[in-house]
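Reader: I am new to this structure and would like a close look at a single part of it. Please take me through it slowly, and then place it among its surroundings.

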Amino acid sequence: MQLDQFDIGVFLSEYWQRKPLLIRNPWSSWANPLAPDELAGLACEEEVESRLVRATGGTWALEHGPFAEQRFARLGGEPWTLLVHSVDLFVPEVAALIEPFRFVPNWRIDDVMVSYASDGGGVGPHFDQYDVFLIQGLGRRRWRIGGRCDAATALLPHDDLRLLARFEASEEWVLEPGDILYVPPGIAHEGTAVGDDCMTYSIGFRAPSRRDLLAGWSEHVFGQLTEDDRYFDPDLPRQHNPGEITAQAIARLHAMATEKMLDRREFSRWFGRYASSPKYPDLDWRPEEAVGPEEVRSLVADGARLCRNPASRFSFVREGGSVLLFVDGGCFECSGETAALAQELCAKECLDLAAWDESLELLVKLLNQGSVTFS
């Protein structure tokens, strides 16, 4: 599915991370990609992250999956919402919803969460720390939009849900199947199902916090340091007052503490691995039997297409005349034909292999770690 009535340039210059935007059914032909029963089935699986939110007597209750099949039959008449995370990892048709939004870089994309709600169901007024496109898949949902929130915004006391203590809506829309609502980070919003069989697809985007970046990068730098890398002052002058920490000593100590942290080349390599690391590293997508070079040659000769695993994350960084390809937390140095292939893999879901002889080693590695497959 593609977006026919959507100006990417206008969106990025006027709305992205600025203000919400309602987009009335811009698809060439909208079709709901997942049935409610299939979503409920995923919520019963051990490896799938899911939650159930219920509004009971004016309070909110949260349950974590996996759920027994009979759980949904016992929900009764009170409003409820089922949330299933990263459905794009398991359902190719849901993963395809991301493609029209690839004008946002790969490393920013998080997942597609799918919700199903009964009449009146929702998760309460809240705000997120990330950008999200909310696609109405089935049924109808009323969205109310409020003001901008931050860490100082008052929340209701709740162990599991971050719900706003006060919420005043400034805009309100009812979305029909195929409609899209974009909500920037920090904007208060509340969605409520209007009627049963309400399904919404939330395409969320990552935005690392400064805290997480510094924690991850400093941990990486720390791991590379050795015990014998110590303070060194062979030019130590005689000091008038032994109690003073001189400006020269501070400068030398500061350089020791910051020199490695300011290594931009090493930072780019670390961040590529960090940003491409799998969201669920315990999921094993490797083939049952290892793939060898001869099998790859045979598949290419037969015209098989090379396709990315929807669960894998692909990005690259240019370094001189080469390309560093980052896939699922790994770094692959590529040049020549292999560099061209690496960039194509990051840009396209599937591709036909034209020039590939130099890339055989990379293909075998990616196939055996489950990041790509031949269709």
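How accessible is arginine 265, and does it count as buried, partly exposed or exposed?

Author: This is a predicted model, and in it arginine 265 counts as partly exposed, because its relative accessibility is 48%, while the label "exposed" is kept for values over 50%. The side chain of arginine 265 meets that of glutamate 319 in a salt bridge, with 3.3 Å from N to O. Since arginine 265 belongs to helix 6, which covers residues 264-276, and glutamate 319 to strand 11, which covers residues 314-319, the pair ties together parts that are 54 residues apart in sequence. Glutamate 319 also counts as partly exposed, at a relative accessibility of 22%.

Helix 6 takes part in another such link, for arginine 269 and glutamate 333 join their side chains in a salt bridge, again described by an N to O distance of 3.3 Å. Here arginine 269 sits in helix 6 and glutamate 333 in strand 13 (residues 330-334), so that distant parts of the chain, 64 residues apart, are linked. The two partners differ in how they are covered: arginine 269 is buried, because its relative accessible area is 10%, whereas glutamate 333 is exposed, with a relative accessible area of 61%.

A salt bridge can also stay within one element, as it does in helix 9, where glutamate 361 and lysine 365 lie four residues apart, or about one turn of the helix. Their side chains meet at 3.3 Å, N to O; glutamate 361 is exposed, at a relative accessible area of 57%, and lysine 365 is partly exposed, at 41%. Elsewhere, salt bridges with shared partners join Asp110, Asp111, Lys279 and Arg313 into one network. In the whole structure there are 23 salt bridges.

Just ahead of helix 9 comes a loop, which runs from strand 14 (350-351) to that helix (360-368) and contains aspartate 352. Aspartate 352 is exposed, with a relative accessible area of 51%, and its side chain makes a polar contact of 3.2 Å with that of arginine 305. The C-alpha atoms of aspartate 352 and valine 123 are separated by 43 Å, the two residues being 229 apart along the chain.

Strand 14 itself belongs to an open sheet of three strands, whose order is 14-10-15 and whose pairing is antiparallel. Strand 14 and strand 15 (372-374) form its edges, each pairing on one side only. Two bridges join strand 14 to strand 10, which spans residues 306-308, and within this pairing leucine 306 stands opposite leucine 351 of strand 14. Helix 8, made of residues 336-347, packs on this sheet and touches strand 10, strand 14 and strand 15, with its direction at about 55° to that of strand 10.

To set these parts in the whole, the protein has nine helices and 15 strands, and its C-alpha atoms fill a box of roughly 80 × 65 × 45 Å along the principal axes. Of its 375 residues, 43% are buried. The protein exposes about 20400 Å², of which carbon and sulfur atoms supply 49%. Finally, if one takes the contacts between residues at least 6 apart in sequence, 78% of them join residues at least 24 apart.

Terms used. Residues numbered from 1 in each chain as written. Predicted model: local features only at pLDDT ≥ 70, side-chain atom pairs only at ≥ 80, totals over all residues. Heavy atoms only, no water. Buried < 20%, exposed > 50% of the residue type's maximum accessible area, 1.4 Å probe, protein only. Polar contact = N/O pair within 3.5 Å; in protein donor to acceptor, adjacent residues only side chain to side chain. Pairing = 2+ DSSP bridges. Contact = heavy atoms within 4.5 Å. Axes fitted to C-alpha atoms, helices over the stretch in contact; angles between N-to-C directions. Salt bridge = Lys/Arg side-chain N within 4 Å of Asp/Glu carboxyl O. Areas by Shrake-Rupley, 256 points an atom, 1.4 Å probe, with all protein chains shown as cover.
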